[in-house]
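The report below reads through one structure, moving from a helix and its packing to a few loop residues and the confidence of the model. Please keep the sequence and the 3D view open alongside the text.

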Amino acid sequence: MEEGSRSVTWYATATRREPLTIPPGLPPRVVARLIRLRLGYRCASQILQTAPDQCPYCFEIEDDPLHRYILRCPVSQALRHPVAWIPDTDNEAAALAIASASTQMLADLCNRHPPP
Ligand SMILES: [Zn+2]
């Protein structure tokens, strides 16, 4: 899948094209992480094309650290629950997990276990 298509799919699925309401009192660094996660920003190792990379929490190695962080890492277990349809790709599944999570849950995750 090409990069533009991945981004468009992510944005439409994860945000439902609705603006984000930031919970009051969040530290700026957590707000930045929350926005980054919601928009599906790639991890540094992907941007720098040094992936595969090791997860800082579970130490698994994967080509796509963002997808691993959302879909497979134990620290983000709260994001995962059964959905009514089977996503075609990890990108869709990860974006759907973000869309299904409350903003407070995402903020808590970004505070305790920042995206890699
Ligand atoms: Zn992990």
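In this predicted model, helix α2, which spans residues 28–38, has V30, R33, L34, L37 and R38 as its buried residues. Viewed down the axis of α2, these buried residues fall within an arc of 130°, so they line one face of the helix. As a general matter, an α-helix has 3.6 residues a turn, so residues three or four places apart point the same way. On the other side of α2, P28 and R29 are exposed, and the helix is followed by G40, a residue whose phi is positive, near 75°.

One of the buried residues of α2, L34, also belongs to the largest nonpolar core, which has 19 residues and in which L34, I70, L106 and C110 have the most contacts. The elements that give two or more residues to this core are α1 (3–15), α2, α4, α5 and α6, and α6 gives the most, with 4 residues. When neighbours within four places in sequence are left aside, L34 is in contact with L106, A107 and C110. In soluble globular proteins, nonpolar side chains tend to be buried together.

Outside the helices, two residues other than glycine have a positive phi, Q49 and F59, and they are set out below together with their loops and their C-beta neighbours.

| Residue | Phi | Loop | Other C-beta atoms within 10 Å |
|---|---|---|---|
| Q49 | about 60° | between α3 and β1 (53–54) | 6 |
| F59 | near 65° | between β1 and β2 (61–62) | 8 |

Q49 is exposed, because 6 other C-beta atoms lie within 10 Å, and F59 likewise counts as exposed, because it has 8 C-beta neighbours inside 10 Å; the cut-off for exposed is 12 or fewer.

A further loop residue, R80, lies between α4 (65–71) and α5 (90–100). R80 is partly exposed, because 15 other C-beta atoms are found within 10 Å, a count that falls between the limit of 12 or fewer for exposed and that of 20 or more for buried. From C-alpha to C-alpha, R80 and V30 are 21 Å apart in space, and they are 50 residues apart in sequence.

As for confidence, the protein chain has a mean pLDDT of 89, and 97% of its residues reach 70 or more. Among the elements of the chain, helix α3 (residues 44–47) has the lowest mean pLDDT, 81, whereas helix α6 (residues 103–112) has the highest, 96. Where pLDDT is low, the predicted coordinates should not be read in detail.

Notes: Residues are numbered from 1 along each chain as its sequence is written. This is a predicted model: local features need pLDDT of at least 70, side-chain atom pairs count only at pLDDT 80 or more; totals for chains, interfaces and linings use all residues. The arc is that of the directions from the helix axis to the C-beta atoms. pLDDT is the predictor's confidence in each residue, from 0 to 100. A nonpolar core is a set of buried Ala, Val, Leu, Ile, Met, Phe, Trp, Tyr and Cys residues joined through C-beta atoms within 7 Å. Two residues are in contact if their C-beta atoms, placed from the backbone, lie within 7 Å.
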